[in-house]
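Biologist: Can you walk me through this one? I'd like to go strand by strand, then helix by helix.

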Amino acid sequence: GGPILEFGAGTGRIGLELARAGVIYTGVDLAPAMLDVFRAKLEGEDEELRKRTRIKEGDLRTMQLDRRFACVIAPGGVLSHLLTDDDRRRALNRVKAHLVPGGFLVLDAAIPSFEQLGAAQDGKPTKPEAELERSGTGKSKIRRMVSVSADPASQLLRLHHEWIEAG
(Lines give C-alpha, C1' and ligand atoms only; values in the text may rest on other atoms or scores of the structure.)
Protein backbone atom coordinates (compact mmCIF):
# COMPACT_ATOMS: atom_id res chain seq x y z
CA GLY A 1 0.00 0.00 0.00
CA GLY A 2 0.87 3.62 -0.24
CA PRO A 3 0.51 6.50 -2.64
CA ILE A 4 1.16 6.00 -6.36
CA LEU A 5 2.66 8.45 -8.86
CA GLU A 6 1.91 7.91 -12.55
CA PHE A 7 4.13 9.40 -15.24
CA GLY A 8 2.10 9.73 -18.44
CA ALA A 9 -1.29 10.03 -16.72
CA GLY A 10 -3.02 11.05 -19.96
CA THR A 11 -6.80 10.92 -19.84
CA GLY A 12 -6.88 8.94 -16.61
CA ARG A 13 -7.52 5.48 -18.02
CA ILE A 14 -5.33 3.88 -15.35
CA GLY A 15 -5.28 6.58 -12.69
CA LEU A 16 -9.03 6.76 -12.33
CA GLU A 17 -9.23 3.01 -11.72
CA LEU A 18 -6.49 3.24 -9.10
CA ALA A 19 -8.32 6.08 -7.36
CA ARG A 20 -11.59 4.10 -7.46
CA ALA A 21 -9.72 1.27 -5.74
CA GLY A 22 -8.91 3.65 -2.87
CA VAL A 23 -5.31 4.50 -3.83
CA ILE A 24 -3.91 7.95 -3.08
CA TYR A 25 -2.99 8.92 -6.63
CA THR A 26 -0.94 11.63 -8.35
CA GLY A 27 -0.76 11.74 -12.13
CA VAL A 28 1.67 13.79 -14.21
CA ASP A 29 1.48 14.42 -17.95
CA LEU A 30 3.01 16.89 -20.38
CA ALA A 31 -0.17 17.25 -22.47
CA PRO A 32 -2.70 19.71 -21.00
CA ALA A 33 -5.47 18.56 -23.36
CA MET A 34 -5.14 14.99 -22.07
CA LEU A 35 -5.27 16.18 -18.47
CA ASP A 36 -8.38 18.25 -19.27
CA VAL A 37 -10.13 15.01 -20.27
CA PHE A 38 -8.95 13.41 -17.01
CA ARG A 39 -10.25 16.38 -14.98
CA ALA A 40 -13.63 16.15 -16.74
CA LYS A 41 -13.86 12.47 -15.80
CA LEU A 42 -13.06 13.32 -12.18
CA GLU A 43 -16.02 15.73 -12.06
CA GLY A 44 -18.34 12.74 -12.23
CA GLU A 45 -16.70 11.00 -9.26
CA ASP A 46 -17.48 11.36 -5.56
CA GLU A 47 -15.76 13.98 -3.41
CA GLU A 48 -13.68 11.46 -1.46
CA LEU A 49 -12.11 10.11 -4.66
CA ARG A 50 -11.41 13.64 -5.91
CA LYS A 51 -9.68 14.48 -2.60
CA ARG A 52 -7.19 11.63 -2.97
CA THR A 53 -6.49 12.33 -6.66
CA ARG A 54 -4.00 14.96 -7.80
CA ILE A 55 -3.20 15.81 -11.41
CA LYS A 56 -0.21 17.89 -12.45
CA GLU A 57 0.99 19.14 -15.80
CA GLY A 58 4.69 18.58 -16.11
CA ASP A 59 7.65 16.93 -17.75
CA LEU A 60 8.72 13.63 -16.22
CA ARG A 61 12.36 14.60 -16.82
CA THR A 62 12.13 17.65 -14.55
CA MET A 63 9.09 17.13 -12.29
CA GLN A 64 9.57 17.95 -8.61
CA LEU A 65 6.63 17.15 -6.35
CA ASP A 66 6.27 17.79 -2.63
CA ARG A 67 5.96 14.14 -1.61
CA ARG A 68 7.42 10.68 -2.10
CA PHE A 69 5.55 7.60 -3.27
CA ALA A 70 5.49 3.89 -2.54
CA CYS A 71 5.22 3.21 -6.25
CA VAL A 72 5.86 5.09 -9.49
CA ILE A 73 4.23 3.72 -12.63
CA ALA A 74 5.05 4.57 -16.23
CA PRO A 75 2.60 2.59 -18.38
CA GLY A 76 1.97 2.76 -22.10
CA GLY A 77 5.62 2.80 -23.08
CA VAL A 78 6.05 6.27 -21.57
CA LEU A 79 9.81 5.91 -21.14
CA SER A 80 10.09 4.64 -24.71
CA HIS A 81 8.92 8.05 -25.91
CA LEU A 82 12.10 9.64 -24.59
CA LEU A 83 14.54 9.75 -27.47
CA THR A 84 17.95 10.13 -25.82
CA ASP A 85 19.84 8.33 -23.11
CA ASP A 86 20.14 11.66 -21.28
CA ASP A 87 16.34 12.11 -21.29
CA ARG A 88 15.83 8.57 -19.99
CA ARG A 89 18.49 9.09 -17.30
CA ARG A 90 16.86 12.36 -16.20
CA ALA A 91 13.43 10.68 -16.02
CA LEU A 92 14.77 7.75 -13.99
CA ASN A 93 16.48 10.20 -11.62
CA ARG A 94 13.07 11.85 -11.09
CA VAL A 95 11.60 8.43 -10.34
CA LYS A 96 14.32 7.79 -7.77
CA ALA A 97 13.77 11.22 -6.19
CA HIS A 98 10.05 10.51 -5.77
CA LEU A 99 10.24 6.96 -4.37
CA VAL A 100 10.31 6.17 -0.67
CA PRO A 101 13.14 3.82 0.36
CA GLY A 102 12.16 0.37 -0.82
CA GLY A 103 9.59 1.80 -3.27
CA PHE A 104 8.86 0.29 -6.67
CA LEU A 105 8.99 1.43 -10.29
CA VAL A 106 6.52 -0.36 -12.57
CA LEU A 107 6.85 0.24 -16.30
CA ASP A 108 6.36 -1.42 -19.62
CA ALA A 109 8.63 -1.16 -22.59
CA ALA A 110 8.41 -2.81 -25.98
CA ILE A 111 11.70 -4.12 -27.27
CA PRO A 112 11.29 -5.11 -30.91
CA SER A 113 13.13 -8.12 -32.28
CA PHE A 114 15.53 -7.84 -35.22
CA GLU A 115 12.83 -9.47 -37.37
CA GLN A 116 10.32 -6.79 -36.39
CA LEU A 117 12.84 -4.04 -37.13
CA GLY A 118 13.59 -5.56 -40.53
CA ALA A 119 9.89 -5.87 -41.38
CA ALA A 120 9.31 -2.25 -40.35
CA GLN A 121 11.68 -0.80 -42.93
CA ASP A 122 9.06 -0.01 -45.56
CA GLY A 123 6.60 1.92 -43.39
CA LYS A 124 3.59 0.29 -45.10
CA PRO A 125 0.40 -0.10 -43.03
CA THR A 126 0.14 -3.32 -41.14
CA LYS A 127 -3.01 -5.34 -40.61
CA PRO A 128 -5.66 -3.57 -38.54
CA GLU A 129 -4.55 -3.32 -34.93
CA ALA A 130 -8.04 -2.67 -33.60
CA GLU A 131 -11.58 -2.50 -34.90
CA LEU A 132 -14.23 -0.85 -32.76
CA GLU A 133 -17.96 -0.48 -33.21
CA ARG A 134 -19.32 2.98 -32.54
CA SER A 135 -21.72 3.17 -29.62
CA GLY A 136 -25.39 3.23 -30.50
CA THR A 137 -25.02 2.81 -34.24
CA GLY A 138 -24.71 -0.95 -34.53
CA LYS A 139 -23.21 -0.57 -38.02
CA SER A 140 -20.45 2.02 -38.08
CA LYS A 141 -16.99 0.73 -37.27
CA ILE A 142 -13.63 2.39 -36.84
CA ARG A 143 -10.42 0.56 -37.68
CA ARG A 144 -6.97 1.55 -36.40
CA MET A 145 -4.14 0.96 -38.83
CA VAL A 146 -0.52 1.23 -37.78
CA SER A 147 2.47 1.72 -40.00
CA VAL A 148 5.98 1.42 -38.68
CA SER A 149 9.30 2.61 -39.99
CA ALA A 150 12.63 1.91 -38.36
CA ASP A 151 15.95 3.69 -38.38
CA PRO A 152 18.52 1.12 -37.25
CA ALA A 153 21.29 3.74 -37.06
CA SER A 154 19.43 5.86 -34.49
CA GLN A 155 17.60 2.83 -33.07
CA LEU A 156 14.26 4.62 -33.40
CA LEU A 157 10.90 3.22 -34.42
CA ARG A 158 8.36 5.66 -35.80
CA LEU A 159 4.73 4.63 -35.45
CA HIS A 160 1.92 6.22 -37.41
CA HIS A 161 -1.60 5.46 -36.18
CA GLU A 162 -4.54 6.13 -38.47
CA TRP A 163 -8.21 5.77 -37.57
CA ILE A 164 -10.37 4.84 -40.59
CA GLU A 165 -14.15 4.58 -40.94
CA ALA A 166 -14.74 0.92 -41.75
CA GLY A 167 -18.40 0.85 -42.64
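**The sheet and its helices**

Modeller: Starting with β1, residues I4 and E6 point one way and L5 and F7 the other way, and all are buried (under 20% relative accessible area with a 1.4 Å probe, protein chains only; over 50% is exposed, in between partly exposed). This is a predicted model, where local features need pLDDT of at least 70, side-chain atom pairs count only at pLDDT 80 or more, and totals for chains, interfaces and linings use all residues. Residues are numbered from 1 along each chain as its sequence is written, and side-chain values use heavy atoms, with hydrogens and water left out.

Biologist: Which residue is the bridge partner of F7 in β2?

Modeller: Strands and helices here are DSSP runs numbered from the N terminus (strands E, at least two residues; helices H or I, at least four). Strands count as paired if DSSP finds at least two bridges between them, and β1 and β2 pair in the parallel sense over four bridges. In β2, the partner of F7 is V28.

Biologist: And which residue of β4 is the bridge partner of L5?

Modeller: β1 (residues 4–7) and β4 (residues 69–74) pair in the parallel sense over three bridges. In β4, I4 has C71 as its bridge partner. For L5, the partner in β4 is V72.

Biologist: Which strands are the edge strands of the sheet?

Modeller: Five strands make an open sheet with parallel pairing, in the order β3-β2-β1-β4-β5. An edge strand here pairs on one side only, and that applies to β3 and β5.

Biologist: What should helix α2 span at 1.5 Å a residue?

Modeller: α2 has twelve residues, 32–43. The expected span is 1.5 Å times one less than the number of residues. The end C-alpha atoms are 17 Å apart, which agrees with the expected 16 Å.

Biologist: Why do the buried residues of α2 lie on the same side?

Modeller: The buried ones are L35, F38 and L42. They share a side because, taking directions from the helix axis to the C-beta atoms, they cover an arc of only 55°.

Biologist: Which exposed residues does the face turned away from the buried side of α2 carry?

Modeller: Look first at what covers the buried residues: by contact (heavy atoms within 4.5 Å), this includes α1 (15–20), β2 (25–29), α3 (47–51) and β3 (53–57). On the face turned away, the exposed residues are A33, A40 and E43.
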